[in-house]
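The following exercises concern charged side chains in a protein model. Each task is followed by a solution in steps.

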Amino acid sequence: LLAITKASKYLGPAYAHLWPLAAGTASSLYDFHVVKARHKDEDSSDTKGCFQWLSMSLFELSTVTFGTGRKSRFDLPTAIQKLYRVEDLGAHLVDLAMWMVDVHQTLKRGRNTGY
């Protein structure tokens, strides 16, 4: 997912068609491994397992621009913007970060939690 996301964002307009795939996959993964998994168990192993890679992908997806012309390699066509709301992807990222600190309580753990 991260490779597809970065290709759609950094390799220019020829790869912009990958953005809907990346954004849709990230949204689906968030729904399945975060929302549904945490409904069953607030400190879900599924959520922990997808945290790092999904977070990196959500960051890349939530920091794109559409049609501003500022930087061509980050600036995706405005037609793609209508498919997914970047703000929702950013909110998913913040939700995962809050879960890691507040629920999974990484700050209170005495050993490496690099996942």
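**Exercise 1.** In this predicted model, determine which parts of the chain the salt bridge between E60 and K9 ties together.

*Solution.* Step 1: the closest N and O atoms of E60 and K9 are 3.0 Å apart. A salt bridge requires a Lys or Arg side-chain nitrogen within 4 Å of an Asp or Glu carboxyl oxygen, and the E60–K9 pair forms one.
Step 2: E60 belongs to helix α3 (residues 45-62) and K9 to helix α1 (residues 2-10), so the salt bridge ties together parts 51 residues apart in sequence.
Step 3: K6 joins K9 and E60 in a network of salt bridges.

**Exercise 2.** Classify E60 and K9 as buried or exposed.

*Solution.* Step 1: buried means under 20% relative accessible area.
Step 2: E60 has 7% relative accessibility and is therefore buried.
Step 3: K9, with a relative accessible area of 4%, is likewise buried.

**Exercise 3.** Identify the salt-bridge partners of R38 and describe their accessibility.

*Solution.* Step 1: R38 meets E42 in a salt bridge at 3.4 Å, N to O. R38 is buried, at 18% relative accessible area, whereas E42 is partly exposed, at 38%.
Step 2: R38 also forms a salt bridge with D95, whose closest N and O atoms are 3.1 Å apart. This pair links helix α5 (residues 86-103), which holds D95, with helix α2 (residues 19-40), which holds R38, across 57 residues.
Step 3: D95 is partly exposed, at 25% relative accessibility.

**Exercise 4.** How many salt bridges does a search of the whole structure find?

*Solution.* The search finds 4 salt bridges.

Notes
Residues numbered from 1 in each chain as written. Predicted model: local features only at pLDDT ≥ 70, side-chain atom pairs only at ≥ 80, totals over all residues. Heavy atoms only, no water. Helix = DSSP H or I, 4+ residues; strand = E, 2+ residues; numbered from the N terminus. Buried < 20%, exposed > 50% of the residue type's maximum accessible area, 1.4 Å probe, protein only.
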